[in-house]
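Me: I should like to go through this structure by question and answer, with the reasoning given at each step. Please begin once the sequence and structure are shown.

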Amino acid sequence: MLRCLLLFCVTISALGCGYEPLGLADNQPQLGDARIDRTVVLYGENRFEVGEYTDDGFREDCRLTSELQGWVEESNEADGCPSCSEVYAVTVLETEVEYFTNRIDQQESDCNFGLAGGFGIGFAPIESFPIDFSESFYEWLGDHEPDEGDGTAVSYMLTNWSPIGSSDWTPRLGLFDSADPLGTFDREYFVKSYYYYSTDHLETQSGRQFGAVRWKMDLRFKDQ
């Protein structure tokens with residue numbers, strides 16, 4: 001009797017485990033499966049304008065445009081920005097590359113200057129900026145009025161992102177009220193770099209490396 005009972009249990013167990021394994025698509029983790037539920041409050045667009053200086057000024061060879069979303073980072077100290085009034089984690093959704101010139105030596109790899117999957121940004125009051133670090137940047141924040149912005153900078157922006165490879169990339173960015181807001185967000189800003197960053201991402205057929213990059217962003221916030 002005991003042997004029959006054991007055989008019956010083993011048979012039932014085998015049948016219970018006999019269904020087909022899930023496919024790869026069924027096991028693929030989704031954003032909604034994340035342990036922490038992120039509340040997206042930041043939407044926007046990031047633009048890298050890549051080119052070189054010529055006798056006629058800056059020539060834009062290509063542009064990388066990325067859609068952005070972000071959420072609040074609660075700990076400013078942990079993000080290395082104790083002076084920041086706001087800190088956000090930003091994720092890149094997709095990037096589009098546009099080419100504007102037809103240089104005989106231009107290659108698609110010249111614009112391989114994309115963003116990482118995510119990075120952090122923070123806004124700090126202008127009065128907290130260490131003037132000894134860059135007096136010219138401090139003056140630019142108080143004097144410069146870009147066409148895309150409404151007036152002078154309301155803050156300066158810090159980031160922990162930098163490109164891969166050799167580059168003169170000290171983040172110096174101004175945060176301006178948007179000159180042309182969409183009107184469907186609580187706050188809208190325009191971000192612009194203080195100067196063109198030098199980069200070795202562009203290279204001629206002769207092997208001479210050159211290049212400059214201008215960084216711009218449109219940031220839109222849903223505070224509620």
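Me: What pLDDT does the protein average?
Reply: The model is predicted, and local features are considered here where pLDDT is at least 70. Of the residues, 67% score at least 70. Over the protein, the average pLDDT is 78.

Me: In which element is confidence lowest?
Reply: Confidence is highest in strand 6, at 97. Over residues 5-19, pLDDT stays under 50, and the model has zero contacts for this stretch beyond four places in sequence. The lowest mean, 46, belongs to residues 2-16, that is, helix 1.

Me: Which pattern does the protein follow along the sequence?
Reply: The secondary structure comes to three helices and nine strands. Read along the sequence, these elements give α-α-β-β-β-β-α-β-β-β-β-β.

Me: Of the contacts between residues at least 6 apart in sequence, what percentage joins residues at least 24 apart?
Reply: The protein has 224 residues, of which buried residues make up 38%. It exposes about 13,600 Å², with carbon and sulfur atoms supplying 49% of that area. Among contacts between residues at least 6 apart in sequence, the share joining residues at least 24 apart is 65%.

Me: Which strand gives the most residues to the largest nonpolar core?
Reply: The largest nonpolar core has 27 residues, and Phe48, Ile121, Phe123, Met157, Trp215, Met217 and Leu219 have the most contacts inside it. Elements giving two or more residues to this core include strand 1 (42-54), strand 2 (57-72) and strand 9 (209-221). With five residues, the greatest contribution to this core is that of strand 9.

Me: Which residues does methionine 157 touch, leaving out those up to four places away in sequence?
Reply: Met157 is among the residues with the most contacts inside the largest nonpolar core. Leaving out residues up to four places away in sequence, methionine 157 touches Ile121, Gly122, Phe123, Leu173, Val191, Met217 and Leu219.

Me: How many residues does the second, separate core have?
Reply: This second core is separate, and Val87, Phe129, Phe176 and Phe190 are among its members. Its residues number 13.

Me: Within what arc do the buried residues of helix 3 fall, seen down its axis?
Reply: In helix 3 (residues 135-143), the buried residues are Phe137, Trp140 and Leu141. Their cover includes strand 5, strand 6 and strand 7. Seen down the axis, these buried residues line one face of the helix, because they fall within an arc of 100 degrees.

Me: Is arginine 172 buried or exposed?
Reply: Arginine 172 is found in the loop between strand 5 (155-159) and strand 6. Its contacts beyond four places in sequence include Phe133, Phe137, Lys192 and Tyr195, and a polar contact of 3.5 Å joins its side chain to that of serine 134. The cut-off for burial is under 20% relative accessible area. Since the relative accessible area of arginine 172 is 16%, this residue is buried.

Me: With which side chain does glutamate 86 make a polar contact of 3.0 Å?
Reply: Glutamate 86 has its place in strand 3. Glutamate 86 and phenylalanine 123 are 37 residues apart in sequence, yet 5.4 Å apart in space, C-alpha to C-alpha. Beyond four places in sequence, glutamate 86 touches Ile121, Gly122, Phe123 and Arg187. The polar contact of 3.0 Å joins its side chain to that of arginine 187.

Technical notes: Residues numbered from 1 in each chain as written. Predicted model: local features only at pLDDT ≥ 70, side-chain atom pairs only at ≥ 80, totals over all residues. Heavy atoms only, no water. Core = buried A, V, L, I, M, F, W, Y, C linked by side-chain atoms within 4.5 Å. Buried < 20%, exposed > 50% of the residue type's maximum accessible area, 1.4 Å probe, protein only. Helix = DSSP H or I, 4+ residues; strand = E, 2+ residues; numbered from the N terminus. Contact = heavy atoms within 4.5 Å. Areas by Shrake-Rupley, 256 points an atom, 1.4 Å probe, with all protein chains shown as cover. Polar contact = N/O pair within 3.5 Å; in protein donor to acceptor, adjacent residues only side chain to side chain. pLDDT = per-residue confidence, 0-100. Arc of directions from axis to C-beta.
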